[in-house]
Amino acid sequence: MKIDVFTLFPAWFDWFSGQRHVRNALELGHELSFTDLRAATPLKAGQVDDTPYGGGAGMVIRVDVVEAALRARYGVDPLELPTRRRMVALTAGGRRLDDALVAELAAEPELTLLCGRYEGFDERVHEHLASDVVSIGPYVLSGGELAAMVVCDAVIRKLPGTLGHEESALEESFSVALEGAPEYPHYTRPFEWRGHRVPEILLSGDHARVREWRHERSRERGAGGA
Ligand code: ADE
């Protein structure tokens with residue numbers, strides 16, 4: 001899979017790219033690239049944003065700046081891009097990211113993430129240069145960079161071979177295997193800690209009952225909204 005991130009702060013991703021599961025993904029042949037939205041700006045002095053029409057606080061990233069960055073990277077008319085690949089603009093007001101959307105994105109051969117800053121993108125970026133407008137939650141971040149890292153992280157861990165144990169991505173919270181419910185509780189040593197014991201069933205060696213117990217706990221958590 002190829003993931004291209006467009007951002008005003010590519011250096012933010014240096015730490016992320018060095019993490020074990022991300023390095024695993026790169027070693028497996030997946031690609032991650034970062035493009036500075038400012039690099040190809042057609043405006044003077046590296047300008048990328050402008051004041052909002054209608055007035056109001058803050059600055060808005062210009063659509064012609066995003067267009068120029070995409071054209072420089074892909075060499076085609078950027079209006080064609082959303083019909084060819086998933087182009088995800090990150091913004092607080094977008095479609096909420098969930099496991100189903102992550103799985104959908106992880107199945108794509110190519111993915112582009114557009115990180116907004118300041119008050120976000122000119123609306124025409126969402127309408128004409130993106131296929132999806134995505135939010136990681138109902139709160140406002142200072143930019144789309146952390147949101148893009150969340151999307152990358154969640155997508156990359158679904159790619160086969162990037163996690164230590166393949167099963168860990170299958171039966172995890174919100175997965176189809178758990179019918180969308182949160183994951184069951186996990187325990188490890190010590191067996192007893194300050195009088196709190198691990199549920200006996202987990203030591204029974206009866207795999208079918210353990211499995212049933214785990215799925216019940218998962219369903220309970222889902223029903224309780226935990
Ligand atoms: N940019 C600012 N806030 C955001 C959020 N919650 N999700 C995605 N992008 C954002």
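This report describes the surroundings of the ligand and one helix in a predicted model.

## Residues around the ligand

The shell around the ligand includes Leu-90, Thr-91 and Ala-92. It also includes Val-134, Ser-135, Ile-136 and Gly-137. Tyr-139, Val-140, Leu-141, Gly-143 and Ala-147 belong to the shell as well.

By residue type, the shell has 8 nonpolar residues, 4 polar residues and no charged ones.

## Polar contacts and cover

Backbone atoms of the protein make contacts with nitrogen of the ligand. For Ile-136, a backbone N or O atom is 3.0 Å from a ligand nitrogen atom. A polar backbone atom of Gly-137 lies 3.1 Å from a nitrogen atom of the ligand. For Tyr-139, the distance between a polar backbone atom and a ligand nitrogen atom is 2.8 Å.

On its own, the ligand has 260 Å² of accessible area, and the protein covers 95% of this. Two or more residues of the shell come from each of the elements β5 (86-96) and β7 (132-135). The strand β5 gives the largest share, 3 residues.

## Helix α7

Helix α7 covers residues 145-156, which is 12 residues. The expected span is 16 Å at 1.5 Å a residue, and the end C-alpha atoms are 16 Å apart, so the two values agree.

Several residues of α7 are buried: Glu-145, Ala-147, Ala-148, Met-149, Val-151, Cys-152, Val-155 and Ile-156. One of these, Ala-147, is buried in α7 and is also among the residues around the ligand.

Notes. Residues are numbered from 1 along each chain as its sequence is written. This is a predicted model: local features need pLDDT of at least 70, side-chain atom pairs count only at pLDDT 80 or more; totals for chains, interfaces and linings use all residues. Side-chain values use heavy atoms; hydrogens and water are left out. A residue is near a molecule or strand if one of its heavy atoms lies within 4 Å of it. A polar contact is a pair of N or O atoms within 3.5 Å; within protein, one must be able to donate a hydrogen and the other to accept it, and residues adjacent in sequence count only if both atoms are side-chain atoms. Accessible areas come from the Shrake-Rupley method with a 1.4 Å probe; for residues, only the protein chains shown count as cover. Helices (H or I, at least four residues) and strands (E, at least two) are DSSP runs, numbered from the N terminus. Ala, Val, Leu, Ile, Met, Phe, Trp, Tyr, Cys and Pro count as nonpolar, Asp, Glu, Lys and Arg as charged, and the others, Gly among them, as polar. The expected span of a helix is 1.5 Å times one less than its number of residues. Buried means under 20% relative accessible area, exposed over 50%, partly exposed in between (1.4 Å probe, protein chains only).
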